[in-house]
Amino acid sequence: MKLNIALLPGDGIGPEISQQGHAVLEAVAQRFGHKFTFREALVGAAAIDAVGDPFPEETYQICKEADAVLFSAVGDPKYDLNPDARVRPEQGLLAMRKRLGLFANIRPVQTFPALLHLSPLREELVRGADFVCIRELTGGMYFGEKHEGRDEAWDTNRYTREEVERILHVAYQMARRRRGRLTVVDKANVLASSRLWRSVAQQMMGHYPDVETEFMYVDNAAMRMIQEPRYFDVMVTENTFGDILTDEGSCISGSMGLLPSASTGTGTPLFEPIHGSWPQARGKNIANPLAQILSCAMLLEHFGLIEEAEAVRRAVNDSLEAQVCTPDIQVPGVEPLGTREVGAWVAERVFAH
Ligand code: IPM
Ligand code: MN
């Protein structure tokens, strides 16, 4: 298969993990006889510094022409400390999602047998937890009408029926391929937008009789994820709730450096780690490349390259079993390795097995 992939390294540790994702995809291409071509583009603070725009037109064109985007991270503390900053790196990410029509963000929460001891939760609660959060990504408060005055400010949590329907279809199809349970997470006891979500879901559930639909308030869902993470199969929710719940979900596995995500919709699909740019670690060769590498597995799967995706996942698992780990997940007493070394090990493993 020929795939044209846009690489968007972004900020902080982004460039370092991007290189490792790139190397693993090259290894897959060689091992399985595919032809992947790569084009790199600017995004985030790196793009603001270079051309004054966090998602430049040229980057948009490169993404639009590509079959897939491999994105790393954006964010830089020099903008966080300045509430008056005119442009922020995060705007690049939001613009990219909107312009590429990426309305469905798929965030799997998995545990790794070799790392259960790292979870802040008890091992027996966490073992075997495996669910997917489907987060609506281009609506709600992130994109609704805003007002920012000196003494008053607001964000509007607006959703249309069409936006809710299309994300619910994605969620139902995912539930169908998995264990057939869908939890619709909302705050319908308080929010009008949530009541729209609920009524649309109630109308749609009859079309998916093979999926069991349940409704759960977001506060309850946040609690349940910690009390009984194995309870969930697929959950679907609006943009802001999904942002918060997926950070919570990422802790279950023990390190944020392990979880990938995919964003799909009407334009070029995008694959990224769920962690941020970790600016303090930039250039130190200590960031965990595995979430980025696992996002490459999601990319391969998206194009039906199932065996290839499996090879990447297996190589990642093997690296964990062999304790080829960056400091965030290394067991005490064993020398941790760097971003480059872990990435090279995984790429080599993909190639050789
Ligand atoms: C995420 C991030 C982004 C979001 C930020 C960087 C704008 O936290 O992908 O979850 O809030 O969506
Ligand atoms: Mn987030």
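Helices here are DSSP runs of H or I, at least four residues long, numbered from the N terminus. With that in hand, take Gln-30. Gln-30 sits in helix α1, residues 14-32. One caution before I go on: this is a predicted model.

Is Gln-30 buried or exposed? Exposed means over 50% relative accessible area. Gln-30 comes out at 56%, so Gln-30 counts as exposed. Now look across to Phe-55. Gln-30 and Phe-55 are 25 residues apart in sequence. In space, their C-alpha atoms are 32 Å apart.

Next, the overall layout. The protein chain splits into two domains. Domain 1 takes residues 1-111 plus 257-353. Domain 2 takes 120-253. Over C-alpha atoms, the two domain centres are 24 Å apart.

So to the interface. The size of an interface is often given as the accessible area lost when the parts come together. Here, domain 1 and domain 2 bury about 1900 Å² between them. Carbon and sulfur atoms give 65% of that. Which three residues supply the most on the domain 1 side? Phe-103, Arg-107 and Val-109. Together they supply 36% of the area that domain 1 buries against domain 2, more than any other three residues.

In contact terms, 17 residues of domain 1 meet 23 residues of domain 2. How many salt bridges are there between domain 1 and domain 2? Zero. Polar contacts are there, though: six residue pairs between the domains, both partners at pLDDT 80 or more.

Which elements of domain 1 give two or more residues to the side touching domain 2? They are α5, residues 89-99, and β4, residues 104-110. Strand β4 gives the most, with seven residues. By class, that side of domain 1 has 10 nonpolar, four polar and three charged residues.

Now over to domain 2, and helix α10. Two neighbours in the helix are worth a stop: Leu-245 and Thr-246.

Leu-245 lies in α10, residues 239-252. The cut-off for buried is under 20% relative accessible area. Leu-245 has 3%, so Leu-245 is buried. What does Leu-245 touch, leaving aside neighbours within four places in sequence? Val-185, Val-218, Ala-222, Met-225 and Met-235. For a sense of distance, try Ile-5. Leu-245 and Ile-5 are 240 residues apart in sequence, and 29 Å apart from C-alpha to C-alpha.

Thr-246 is in α10 too. Thr-246 is also buried, with a relative accessible area of 3%. Again setting aside neighbours within four places in sequence, Thr-246 contacts Arg-107, Cys-133 and Ile-274. Arg-107 we have met already, as one of the three residues that supply 36% of the area domain 1 buries against domain 2.

Last stop: backbone angles. Two residues to check in your viewer, Trp-278 and Asn-285. Trp-278 is in the loop between β12, residues 270-273, and α11, residues 290-302. Trp-278 is not a glycine, yet has a positive phi of about 35 degrees. Relative accessibility for Trp-278 is 41%, so Trp-278 counts as partly exposed.

Asn-285 lies in the loop between β12 and α11 as well. Asn-285 is not a glycine either, and has a positive phi of about 60 degrees. Is Asn-285 buried or exposed? With 14% relative accessible area, Asn-285 is buried.

That's my tour. Over to you.

How values were computed: Residues numbered from 1 in each chain as written. Chains lettered and ligands numbered in written order. Predicted model: local features only at pLDDT ≥ 70, side-chain atom pairs only at ≥ 80, totals over all residues. Heavy atoms only, no water. Domains from an automatic or database assignment. Contact = heavy atoms within 4.5 Å. Buried area = accessible area lost by both parts, 1.4 Å probe. Salt bridge = Lys/Arg side-chain N within 4 Å of Asp/Glu carboxyl O. Polar contact = N/O pair within 3.5 Å; in protein donor to acceptor, adjacent residues only side chain to side chain. Nonpolar A, V, L, I, M, F, W, Y, C, P; charged D, E, K, R; others polar. Buried < 20%, exposed > 50% of the residue type's maximum accessible area, 1.4 Å probe, protein only.
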